[in-house]
Amino acid sequence: MSIRPVGRFPNHKETDMALKIHNTLTGIMEELIPGGVRKDSIAEYPPVTIYSCGPTVYGYAHIGNFRTFIFNDFLRRYLKFRGYRVDHAMNITDVEDKIIAGANKEGVSVKDYTERYTAIFMEDLRSLNIEPVEHMPRATESIDAMIDIIERLREKGFVYEKDGSLYFSITRYDKYGMLSRLDTREIKTGLRYDTDEYTKDDVRDFALWKAPKENEIYWDTPFGRGRPGWHIECSAMIRKIFGTTIDIHTGGVDLIFPHHENEIAQSEAAYGETFVRHWIHAEHLLVNGAKMSKSMGNYYTLRDLLEKGYSPRSIRYLLISAHYRKQFNFTLEGIGQADQALERIDNCIVRLNDIRTEGTQNPDVQKLSEAMLANFTAAVDDDLNISGGIGVFFEFIHAVNSLINEEKISLADIDIILDAMKKIDSVLGVIFFTGGAKTEIDTAWVDSMIAERITAKKNKKFARADEIRAMLTDKGIILEDTKDGTRWKMKS
Ligand code: AMP
Ligand code: ZN
């Protein structure tokens, strides 16, 4: 991609430069209009309200799940980069069939069981440098909102009872199927489905409220004792946090049907207003052509990979780098390639930090940085095309390296380049990576060890010099001996 002249970024007002994202509901690319009313500039919009279906906490999330969670993180970061404010919720599903089964099997309470896996999930988010969102509701804290929806649906005649459970009757809701564009004639009506897991062939009335079974957690409600079905949980949390229509709802493509279809049906039938303006679905992470999933057993958890020595930084880079609407095949070699890409960025930064030449600012550096930010924005504005955006960024790295080779960069230019990199990293979160295990590196100590190593080498104490290098390597510090002396960097 060529480098074009720049507009005003990132808070520009040009109406021809709009962020467009594919909307699953309409099947077309649509401009994001937070609050539903077009404004003259991004700064005038209300915060973008976003809800992302979060994990069901019954075990370790796998990196397929994290592809979707990293996508959510990229979306919110890019919106902020573009000057939008965000108000983002991701739930924790903490009552569900598999959770109850898991807790019962271990003989612990549902609360203890889900708290354990929620803590692990939060730690994994931090490892992957996923930003905290504004709201992280637990389903079990929104039972009041579930009761409100179910009561309204009962008043309006969408609900029937069978064996103590309450079901939503999809034939009574004529817009059923609008998201997944299911031909309603194909739906087997009058059949009831009250487990939380579905396959495409099991399209039936879904349980809003489940009758209590022995050894199962329950709540007392105006319509009897029991526990919620999975779909009602997300509808209730959205209602409780945001009140009315939200701008964006995200999730993996497997959630389009029936989960999101059912969320729309129960929310819109209950409140008579649009539930969500923009539905965004992320494609799956595959392994040898099949969806990575717990049930297939073809999965890696984040911890599996960290134990094998892969860095969370490279895993984040790999998972963020593919376009969200394309399936992506996971391989361990892919992490190696991510390592190499990050190394190119790191080397460029090390070279910049090594520059000692005094001088005046080179106007080409400013132009190059602005053009890169403009082209990155143009690429990602087009349905969040991150691969295009990353391509633009690597052209920039290449151009900066060429300028360094030609000795056309002086100390006066470095901050301009680093600032541009920081802006890109506010979206990618991989360059100045702050996730991963927190090991505090004392830079003064590293410098003193390097000085001791140089003295050791001068005095021909090579064993000591090698020992120091090995000790630093163990701490993830890589030494590079150059003609200008020894420099160091953290391993990516
Ligand atoms: P779950 O905990 O099973 O409810 O899944 C949490 C999120 O991960 C949902 O948004 C799923 O759509 C998503 N997900 C599950 N498997 C994959 C996969 N192989 N690739 C990408 N996303 C996935
Ligand atoms: Zn959900």
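Here are legends for a few close-up views of this predicted model.

**View 1. Glu261, a charged residue tucked inside.** Look for Glu261 in helix H6, which covers residues 256-271. Is Glu261 buried or exposed, and which side chain of opposite charge is nearest? Glu261 is buried and has no salt bridge, since the nearest candidate, Arg181, sits 8.4 Å away. The side chain of Glu261 does have backbone nitrogens beside it: that of Gly177 lies 2.9 Å from one of its polar atoms, and that of Met178 is reached at 3.0 Å. Leaving aside neighbours within four places in sequence, the contacts of Glu261 include Lys175, Tyr176, Leu179 and Ser180.

**View 2. Helix H14 and its two sides.** H14 runs over residues 462-474, so count 13 residues if you follow it along. From first C-alpha to last it reaches 18 Å, close to the 18 Å expected at 1.5 Å a residue. Ala465, Ile468 and Leu472 are the buried ones to find here. Looking down the axis of H14, you'd see its buried residues fall within an arc of 60 degrees, so they line one face of the helix. Over on the other side, Ala463, Asp466 and Asp474 are exposed. Just past the end of H14, Gly476 takes a positive phi of about 80 degrees.

**View 3. Thr455 and Ala465, across from H13.** Thr455 belongs to helix H13, residues 443-458. With a relative accessible area of 43%, Thr455 is partly exposed. Between Thr455 and Ala465 there are 8.5 Å from C-alpha to C-alpha, and the two are 10 residues apart in sequence.

**View 4. A salt bridge within one helix.** Side chains of opposite charge can pair when their charged atoms come close. Glu151 and Arg154 do just that, forming a salt bridge at 3.2 Å, N to O. Both sit in helix H4 (residues 143-155), 3 residues apart, which is about one turn of the helix. Glu151 is partly exposed at 23% relative accessibility, and Arg154 is partly exposed too, at 38%.

**View 5. Salt bridges that link separate parts.** Arg239 pairs with Glu273 in a salt bridge, with the closest N and O atoms 3.3 Å apart. Arg239 is in helix H5 and Glu273 in the loop between H6 and strand E12, so the pair ties together parts that are 34 residues apart in sequence. Now find Arg469 and Asp481, whose salt bridge brings N and O to 3.1 Å. Arg469 is in helix H14 and Asp481 in strand E16, so this pair ties together parts 12 residues apart in sequence.

**View 6. A salt-bridge network.** Which residues are linked here? They are Arg76, Lys80, Glu131 and Glu134. The model has 31 salt bridges in total.

Terms used: Residues are numbered from 1 along each chain as its sequence is written. Chains are lettered from A and ligands numbered from 1 in the order in which they are written. This is a predicted model: local features need pLDDT of at least 70, side-chain atom pairs count only at pLDDT 80 or more; totals for chains, interfaces and linings use all residues. Side-chain values use heavy atoms; hydrogens and water are left out. Helices (H or I, at least four residues) and strands (E, at least two) are DSSP runs, numbered from the N terminus. Buried means under 20% relative accessible area, exposed over 50%, partly exposed in between (1.4 Å probe, protein chains only). Lys and Arg count as positive and Asp and Glu as negative; His and the chain ends are not counted. A salt bridge is a side-chain nitrogen of Lys or Arg within 4 Å of a carboxyl oxygen of Asp or Glu. A polar contact is a pair of N or O atoms within 3.5 Å; within protein, one must be able to donate a hydrogen and the other to accept it, and residues adjacent in sequence count only if both atoms are side-chain atoms. Contact means heavy atoms within 4.5 Å. The expected span of a helix is 1.5 Å times one less than its number of residues. The arc is that of the directions from the helix axis to the C-beta atoms.
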